Amino acid sequence: GYKEPTDTEYIRVHNLMVEKYHPLPDGWREMYDAGTGRHYYWCTKTDKVSWLPPGHPKAQPTEAASKVREELALVASRQVQQEEDNMSIDSEEESESDDEEENRRLEEKRKREKERRREEEKKLKEKRKKMEEDPLDPMDPAAYSDVPRGTWTTGLPDQSTAKSGVDSTASGPLFQQRPYPNPGAVLRANAAARGELEDDD
């Protein structure tokens, strides 16, 4: 859910800033970032953010970090694709030689890698589009707080941290990790007990 800052000095400074620079201009909203423990300001019209109120003389509204990361990743993927295209063009212009078979295998490998990247980008775009189109569940914490939208497995322990009944400190096959007696030992114990009863009779 929505968290509040706990640093008393920060709260005091923030309250002074609120008194001086509020109310905010039209379209601006004050948000709280639990990761850094600070408030930031978001313009709903331009989608820009700032650590200081827009009326502050040192305020510098910029693009959100998530948007910048997406743009950088897109530019990097385009550069890789362009380099691959250049490599394929260069390889096509090479004259035939004894390494022709090796070049052909490398070219096929590049094409397969390129197709795989395109498929991954396509799946990623479809996933983002689906998440944007799907209505937000009112029970999802993202519907009533600043946390990002999660999935059904978000927050659950993974297999490495989940508790199980297995004694991971024991060695040997699984049956040796169990504290059960050997079936033969049980039969022998039962036979011995029957023998003692017969001797008593």
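User: What makes a run of residues a strand in this predicted model?

Analyst: A strand is a DSSP run of E with at least two residues, numbered from the N terminus. On that basis, His-56 is found in the loop between β3 and β4.

User: Why does His-56 count as buried or exposed?

Analyst: The relative accessibility of His-56 is 17%, and buried means under 20%; His-56 therefore counts as buried.

User: What makes the approach of His-56 to Lys-58 a polar contact?

Analyst: The side chain of His-56 reaches the backbone nitrogen of Lys-58 at 3.0 Å. The cut-off for a pair of N or O atoms is within 3.5 Å, so that distance satisfies it.

User: Which class fits the pair of Tyr-40 and Trp-51, and why?

Analyst: One aromatic pair is found in a search of the whole structure. The ring centres of Tyr-40 and Trp-51 are 6.2 Å apart, with the planes at 75 degrees. Pairing requires centres within 6.5 Å, and planes over 60 degrees apart count as edge-to-face, so this pair is edge-to-face.

User: Why is the pair said to tie together parts of the chain?

Analyst: Tyr-40 belongs to strand β2 (residues 38–43), whereas Trp-51 sits in the loop between β3 (48–50) and β4 (62–63); the pair therefore ties together parts that are 11 residues apart in sequence.

User: How do you know whether Tyr-40 and Trp-51 are buried, partly exposed or exposed?

Analyst: Partly exposed lies between the buried limit, under 20%, and the exposed limit, over 50%. Tyr-40 has 22% relative accessibility and so counts as partly exposed. Trp-51, with a relative accessible area of 41%, is also partly exposed.

Methods
Residues numbered from 1 in each chain as written. Predicted model: local features only at pLDDT ≥ 70, side-chain atom pairs only at ≥ 80, totals over all residues. Heavy atoms only, no water. Phe/Tyr/Trp six-rings, centres within 6.5 Å; stacked < 30°, edge-to-face > 60°. Helix = DSSP H or I, 4+ residues; strand = E, 2+ residues; numbered from the N terminus. Buried < 20%, exposed > 50% of the residue type's maximum accessible area, 1.4 Å probe, protein only. Polar contact = N/O pair within 3.5 Å; in protein donor to acceptor, adjacent residues only side chain to side chain.
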